[in-house]
Amino acid sequence: MADTSKPPHNPHDRFFRSAMENHAVAEEFMQHYLPKKISAALDLGSLKLEHDSHLDSALRETVSDLVYRCQLAGQPAYLAVLVEHHSSPDPHMPVRIGHYLFGMLTKQLKQRPKEPLAPVHALVFYHGRQTPYPYSMDLADCFEDPLGLMETLFQGPIPLVDVNQLDDEALKQQQWIGLVARVLKHIREPHIDPYLMEWLRDCASFDEHSRQQLDFIATLLNYVVGTGNVIDLDQLIEESHRLPQPIGDTFMTIATQLEARGEARGEAKGKIEGKIETARNLLQEGADPQFVAKVTGLSIDDVKRLQNHAE
């Protein structure tokens with residue numbers, strides 16, 4: 001039997017899952033992105049991350065899931081956060097989410113066949129390349145249904161947060177989960193260094209200075225430096241000396257570990273820098289962004305960011 005508890009093996013998923021295991025991050029996520037009716041009735045102190053997954057093999061190819069058991073209006077409930085990392089959004093995602101939710105309900109039914117079921121709620125957190133998310137999250141829109149027979153099957157669309165559409169200034173007001181969202185939003189930038197220093201300075205302003213905070217920073221650093229386009233790690237290390245000591249020390253520890261792997265990444269990093277430089281030169285000569293993307297292998301979004309920055 002397939003192990004359905006394993007999430008997709010990619011760095012985006014590992015970062016988000018690790019961040020959401022931090023109770024402070026999970027609490028802020030629920031406060032900011034759940035419907036107000038739910039967040040107002042949610043006992044945040046009761047949030048407990050479950051180890052079971054309810055993904056079938058088809059859905060597991062494109063998303064991962066985090067399921068929290070909690071108290072909602074004083075009664076047991078389950079909140080599922082499904083994370084879509086896939087570059088090609090799924091037009092039938094509402095059908096798949098419906099199947100997922102009923103899988104959760106079916107499992108409850110098997111465990112407690114004669115008891116009322118605990119309510120379930122799912123939210124999709126998306127940070128794929130294509131944005132805004134191109135498909136409706138309303139189940140009724142998945143059908144050729146001239147009579148509207150499916151419109152009342154689920155009342156209203158499934159909630160979705162397209163992190164690419166969130167305003168950075170608004171996210172800065174959310175502290176923990178806002179920082180997670182900003183990292184995922186900008187992780188594909190062609191030059192991640194200035195973003196990383198900004199994020200670390202924001203971490204220094206957090207109200208809470210604890211082991212939990214330093215663990216979160218370590219998770220962030222491992223993800224950004226290991227996955228993002230870091231151009232000058234030595235310069236980042238130099239700048240880290242101006243950060244508060246616990247944060248600077250954490251950065252130095254992670255940087256030292258990553259420098260040990262630096263030679264293996266050096267060649268790939270050089271290729272990225274070369275692509276960026278070639279793209280800049282072509283854009284300066286007036287080349288079409290689509291042509292530049294084709295020639296360099298950079299994404300069209302990255303080329304347009306370089307173009308906007310130059311302008």
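Modeller: A residue is called buried under 20% relative accessible area, exposed over 50% and partly exposed in between, with a 1.4 Å probe and protein chains only. The model is predicted: local features need pLDDT of at least 70, side-chain atom pairs count only at pLDDT 80 or more, and totals for chains, interfaces and linings use all residues. Residues are numbered from 1 along each chain as its sequence is written, and side-chain values use heavy atoms, with hydrogens and water left out.

Biologist: Is Arg 182 buried or exposed?

Modeller: Arg 182 belongs to helix H7; helices (H or I, at least four residues) and strands (E, at least two) are DSSP runs, numbered from the N terminus. Its contacts (heavy atoms within 4.5 Å), leaving aside neighbours within four places in sequence, are Asp 168, Leu 171, Lys 172, Glu 198, Trp 199 and Asp 202. With a relative accessible area of 3%, Arg 182 is buried.

Biologist: How many of the 10 residues of helix H1 are buried?

Modeller: The buried residues of H1 are His 12, Asp 13, Phe 15, Phe 16, Arg 17, Ala 19 and Met 20. Their cover includes helices H2, H7 and H9 and strands E2, E3 and E4. Helix H1 (residues 11–20) is largely enclosed by the rest of the structure, because the number of its residues that are buried is seven.

Biologist: How is H1 oriented relative to H9, roughly parallel or roughly antiparallel?

Modeller: The contact joins Pro 11, His 12, Phe 15, Ser 18 and Ala 19 of H1 to Phe 216, Thr 219, Leu 220, Tyr 223 and Thr 227 of H9. The two helices pack at about 170°, their axes 10 Å apart; axes are lines fitted to C-alpha atoms, for helices over the stretch in contact, and angles run from 0 to 180 degrees between N-to-C directions. Angles under 35 degrees count as roughly parallel, over 145 as roughly antiparallel, 65 to 115 as roughly perpendicular and the rest as oblique. H1 is therefore, with respect to H9, roughly antiparallel.

Biologist: Which element gives the largest share of the largest nonpolar core?

Modeller: A nonpolar core is a set of buried Ala, Val, Leu, Ile, Met, Phe, Trp, Tyr and Cys residues joined through side-chain atoms within 4.5 Å. Of the 61 residues in the largest one, Phe 16, Phe 29, Met 30, Phe 125, Leu 196 and Phe 216 touch the most other members. The largest share, nine residues, comes from H9.

Biologist: Which are the edge strands of the open sheet?

Modeller: The sheet has five strands in the order E1-E2-E3-E4-E5, with mixed pairing; two strands pair if DSSP finds at least two bridges between them. E1 and E2 are antiparallel over four bridges, E2 and E3 are antiparallel over 10, and E3 and E4 run parallel, joined by seven. Each edge strand pairs on one side only, and the two are E1 (42–49) and E5 (160–162).

Biologist: Which residue of E3 is the bridge partner of Arg 69?

Modeller: In E2, Arg 69 stands opposite Lys 48. E2 and E3 form a hairpin with two residues between them, and Ala 73 in the turn has a positive phi of about 55°. The partner of Arg 69 in E3 is Tyr 78.

Biologist: What is the relative accessibility of His 121?

Modeller: His 121 lies in strand E4. Beyond neighbours within four places in sequence, His 121 is in contact with Leu 34, Pro 35, Ile 38, Tyr 78, Leu 79, Ala 80, Leu 101 and Pro 159. His 121 counts as buried, because its relative accessibility is 16%.
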